Amino acid sequence: MKQEIIIIGGGVIGLLSAYQLASAGLRVVLLESGETGAEASWAGGGIVSPLYPWRYSSAVTALAHWSQDFYPGFGDSLHEQTGIDPEVHETGLYWLDLHDEDEALGWAERQGRPLQRVAMERVRAAVPALGEGFSKAVFMPGVANVRNPRLLRALREALARMTNVRVVAHCPVTGFVREGGRILGVQTAQGDMRAERVVVAAGAWSGELLATLGLALPVKPMKGQMILFKCAEDFLPSMVLAKRRYAIPRRDGHVLVGSTLEDVGFDKTPTEDALDSLRATAAELLPALADAEVVRHWAGLRPGSPEGIPYIGEVPGFEGLWLNCGHFRNGLVLAPASCQLLAELMIGREPTLDPAPYAPLGRMQQAVL
């Protein structure tokens, strides 16, 4: 049976796109080259906020705010449906020693977000493990982190219970089935598969896939490395962020520290240099971690894009080809709004958010073949 939609990519964007489209009654096949949820979505920290939200464009802000408001209820809904708790954990977030603190506060006032200056004595009382080398702080209550591996498991389980979704792992897509200006399906290691529409949600690999059509999509891999500690459950009550690095507490006492930002192509090998750098960050932020054992150290590949603005919508000149990719450092943050918008556009519903900033039209080029 010809499917209505093929989605390429089994990260959070692909899985949640499939969930939204299938929930609307469409027949969906999701194709993943490896295991679903094993790349950037698994490797990220899961902060439900851009690291420095005031430094982003209004396009990113609109997606982030919608998603932040959506996540708590969505986490509860997935838990109820699947028995797997994504652990949307509201801890608040402290930013330490910002050079653009005034800009941050001005942005928060304009956006109606509850960001405020906090005296360091109050910060140290709230986060006793914090290091001594910080002089000022701002705090936003209500900021959550999601335990992304569990979110991915919950999404996979939710899809497994839907009769109009088929997930095919270990099925790399090598190209597209094309007739004139229309995309009719995909070429895979298992043969051609046809569908009325194809969605590219392949993260850092999206640009390479579209290059097979002679399209230049400016999405490329940007490596990020992280480390994980196991601490007491009350060791770190809030997320803390300084000098572009952060510490994130999970409910069970695990603490993530990250991350690097490296332009090294598709190499995702963890390195000793990064391990040393991340350990130094951990000890500076939370000195008790200086002697703690690193439980795990890993790397993932973010889908880097200009200004971090994702591509969401149909590709002009290629009827039936849709994008939901290029979320850079904010895939987990922006996923709910991005996938909601994609589904609305594909179904023909009035979109919740203005789709214009994310439209591929004018933001990508036909490459010279």
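Select R55 and D100 to begin: the two form a salt bridge whose closest N and O atoms are 2.8 Å apart, a salt bridge being a side-chain nitrogen of Lys or Arg within 4 Å of a carboxyl oxygen of Asp or Glu. R55 lies in the loop between α2 (40-43) and α3 (58-82) and D100 in the loop between β4 and α4 (101-111), so the pair ties together parts that are 45 residues apart in sequence. Helices (H or I, at least four residues) and strands (E, at least two) are DSSP runs, numbered from the N terminus. D100 counts as buried because its relative accessibility is 7%, whereas R55, at 34%, counts as partly exposed; buried means under 20% relative accessible area, exposed over 50%, and partly exposed in between (1.4 Å probe, protein chains only).

This is a predicted model, in which local features need pLDDT of at least 70 and side-chain atom pairs count only at pLDDT 80 or more, while totals for chains, interfaces and linings use all residues. Residues are numbered from 1 along each chain as its sequence is written, and side-chain values use heavy atoms, with hydrogens and water left out.

Next, select D85 and R251, which form a salt bridge with the closest N and O atoms 3.4 Å apart. D85 sits in the loop between α3 and β3 (89-90) and R251 in the loop between β15 and β16, so this pair ties together parts that are 166 residues apart in sequence.

From R251, move to the strands on either side of its loop: β15 (residues 245-249) and β16 (residues 254-258) pair in the antiparallel sense over four bridges, where pairing requires that DSSP finds at least two bridges between two strands. To see one bridge, select A247, whose partner in β16 is V257.

Now display the whole open sheet, in which eight strands follow the order β5-β6-β4-β14-β15-β16-β13-β17 with mixed pairing. Its edge strands, each pairing on one side only, are β5 (116-118) and β17 (294-304).

Add helix α8 (residues 272-285), which lies across β4 (93-96), β13 (220-230), β14 (239-242), β15, β16 and β17 and runs at about 50° to β13; axes are lines fitted to C-alpha atoms, for helices over the stretch in contact (heavy atoms within 4.5 Å), and angles run from 0 to 180 degrees between N-to-C directions.

Finish at P149 in helix α6 (residues 148-160), and select A43 as well: the two are 106 residues apart in sequence and 8.3 Å apart in space, C-alpha to C-alpha.
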